[in-house]
Amino acid sequence: MQPHSADFPARAADALTDPELRRALTKFKTGFPVNRARAVANLPEFEALRDAAKAVKDHTLSHLDHYLEAFEARVRDSGGHVHWARDAAEARSIILRLATERDARLIAKGKSMVSEEIGLNAALEAAGIKAVETDLGEYILQIRGEVPSHIVAPALHLSKEQVAADFRRTHTHLPPDRPLDQPTDLLAEARGELRDVFLNADIGITGANFLVAETGSTIIVTNEGNGDLTQTLPRCHIVLTGIEKVVPTLADATLMLRLLARSATGQEITAYTTFSTGPRRADDADGPREFHVVLLDNGRSALLGTEMQEVLRCIRCGACMNHCPVYHAVGGHAYGWVYPGPIGAALDPALIGVKEARHLPNASTFCGKCESVCPVKIPLPKIMHRWREVEFEKRLSPPSVRQGLWAWGLFAKRPRLYRLITSIAMRVMGLMGKEGSFKSLPLAGGWTDTRDFPAPQGRTFQSMYKDRRHG
Amino acid sequence: MPPANPPKVGLLVTCLVDLFRPSVGFAAVTLLERAGCQVTVPSQSCCGQPAWNNGDRATTEALARTMIQAFEGCDYVVAPSGSCSGMLHKHYPELFRDDPAWAARATALADRTWELTRFLTDIMGLDTAIPGFAGTVTYHDSCSGLREMGVKDQPRRLLASLPGVELTEMPGADVCCGFGGTFCVKYPDISTHMVTEKVEAIVATGADTLLAGDLGCLMNMAGRLSRLGHDIDVRHVAEVLAGDPDTAPIGRAEG
């Protein structure tokens, strides 16, 4: 997917004035967080599970080569194939090759953020292969020509009325007067449309929530069962996933699963949790005849051993965006790339470059709510802060910021000079602000366009305290 | 148990308090002295947070060194701010992690650094504030105080000790007000949206005074309340706890 993160301010401004989006986000911000709080309250050991999960991921990331190779060996043992992709282009070409070798015409897709990351659908389409998203939210977005605005609830920015209109517009073979008022109507209609896709697809492509080194299994969780149908009905199943998804054992995977749904939607567990281990065996009732796993790096391994490695602990639950006041204000599309919200702000600069993504780590108040709800305790503000340092080191921050900091630093580093200058400045400003606040101030339009600026009391504390002590 | 001998407390004034609202600094001195502390105010400028937040490590380090030196002789460093105390407590050790000598000094300082209301209650055992202020108040939990410095019930406990003060909680008291240091001027649209939602929650409580423990957040919320024409006083919680009813609220003219 082409990044548009450099346009963050304009996209955010649009989002703030979009009435449909405002309605959707207002509803959203009280939904998942309330459910999560309830689920967490019902599980006394939740905090201990977070610590355990963090430890598992840290251990795995410290030995990632070992666990990935073990995973690869187990996949081979079970009759599957593992493909290593250094970047998005390589991942696309591997999948295109697999598809063309199998003369695939139709591909069913379970929800996969990594496939958005590599722009897979567009590449398949260009090669004359039709790919159909089977997650309801993603199916709706595909009809609309949009991308997900959330990693768990991809179409949260839409209302059911918008979706009904889209279905009437595109499903023209259905009776025009059919009722589409209820979410269940929409679900039933999409299910009917997708049934043919599941049955006729040549290949099923899914993501993976976790990879298990011990068994060579891939795990996917869904609430709609579309993941199961995508990976069991077509003759070939391709799992497209990032290298950071591996955990050592099945026990580790179940630990992660206990945290994932609770953190994401507040469910104890999702409706479907599906483990895939190799292709169909001789006495299996169903399953694909071929099983491929594409392991994508795309900038991830460059984070290993750096202070930003912790971002790779992410299990893609979306809790950070569910609780982020900035995400609540602007929604996911403003971030301009696949992973929005705090995790996007921490991860995207690594994947699409600091220059393109530089707004994302800056557009945070460092309020810390994201870190407080992250199931694997990723220090998201700390990582965003580190990206701001990289931006500053690379001289990508705006000249006004750099010059302002330089000028301020000049005298802030000299406390006596600082006290002298500020005491004069505050006296002047205090005299000018006799009304108590300023309606406008030179160079402070960012503030005074929408807020009054409180005037100083007139003298600085340090000068008054000195007088009082000596007086 | 409060310390036996009067501990020497260095007041980290914070640049916003120093420049814009010295009355908060004097309220902090009053409260600390009443709790039995010997207060000193070392020569200082700023903890370096503006530079830190914008990724300027060199300037931050230079400022942090002067602050570490300035406060080295104090038993405790206390700030009427979760954000500035958080800078010393949480970020200074990170800042010098590759410089063992300074890292040790930064960590020693971090371990002695506290936010005012938490220091008064949890360390000095203060359980009653100074009467003098009366009214219905609502309290905003500033993010850094809440999540970096563990400040939640301490200011509320002290407020509860004041007979004339009634606290009405707002929903989402712990949701960011949209200040975020330079965030509010770098992304003014988003910041305005956030502070507008905060203002709606404040107004809905019916309280006549908004309190918080960080001047940045207070100036942001006061500025938006004032622009939207809401007649709600905004004060730093230290002023109320120190029984100061006379200083004009933030953004209002004296007298």
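## Two interfaces of chain B, worked through

The contact between the two chains draws 71 residues from chain B and 65 residues from chain A. Keep in mind that this is a predicted model.

**Exercise 1.** Work out how much area chain B and chain A bury between them, and which residues of chain B lose the most.

*Solution.*
- Step 1: take the total. Put together, chain B and chain A bury about 5500 Å².
- Step 2: split it by atom type. Carbon and sulfur atoms carry 60% of that area.
- Step 3: look for the top contributors on the chain B side. B:Phe26, B:Tyr187 and B:Arg227 lose the most area to chain A, together 13% of what that side buries.

**Exercise 2.** Count the salt bridges and polar contacts between chain B and chain A, then describe the side that chain B offers.

*Solution.*
- Step 1: start with the charges. There are five salt bridges between chain B and chain A.
- Step 2: check one pair. The closest N and O atoms of B:Arg57 and A:Glu389 sit 2.9 Å apart, and the cut-off is 4 Å, so the pair counts as a salt bridge.
- Step 3: move on to polar contacts. Across this interface, 27 residue pairs qualify, both partners at pLDDT 80 or more.
- Step 4: find the main element. Helix α11 (residues 188–204) of chain B supplies the largest share of the side of chain B that touches chain A, namely nine residues.
- Step 5: sort by class. That side of chain B has 34 nonpolar, 21 polar and 16 charged residues.

**Exercise 3.** Now go inside chain B: find its domains and characterise the contact between them.

*Solution.*
- Step 1: set the bounds. Chain B splits into domain 1 (8–122) and domain 2 (128–242), with 22 Å between their centres, taken over C-alpha atoms.
- Step 2: count residues. Domain 1 of chain B brings 30 residues into contact with 27 residues of domain 2 of chain B.
- Step 3: get the area. These two domains bury about 2300 Å² between them, 63% of it on carbon and sulfur atoms.
- Step 4: tally the salt bridges. The domain interface has two. B:Asp122 and B:Arg157 form a salt bridge, their closest N and O atoms being 3.5 Å apart.
- Step 5: add the polar contacts, which come to 13 residue pairs, both at pLDDT 80 or more.
- Step 6: list the elements. On the domain 1 side, those giving two or more residues are α1 (15–20), α2 (22–34), α5 (82–95), β4 (113–115) and α7 (116–123) of chain B. The most come from α5(B), with eight residues.
- Step 7: classify the domain 1 side. Its residues divide into 11 nonpolar, 13 polar and six charged.

Technical notes: Residues numbered from 1 in each chain as written. Chains lettered and ligands numbered in written order. Predicted model: local features only at pLDDT ≥ 70, side-chain atom pairs only at ≥ 80, totals over all residues. Heavy atoms only, no water. Contact = heavy atoms within 4.5 Å. Buried area = accessible area lost by both parts, 1.4 Å probe. Salt bridge = Lys/Arg side-chain N within 4 Å of Asp/Glu carboxyl O. Polar contact = N/O pair within 3.5 Å; in protein donor to acceptor, adjacent residues only side chain to side chain. Helix = DSSP H or I, 4+ residues; strand = E, 2+ residues; numbered from the N terminus. Nonpolar A, V, L, I, M, F, W, Y, C, P; charged D, E, K, R; others polar. Domains from an automatic or database assignment.
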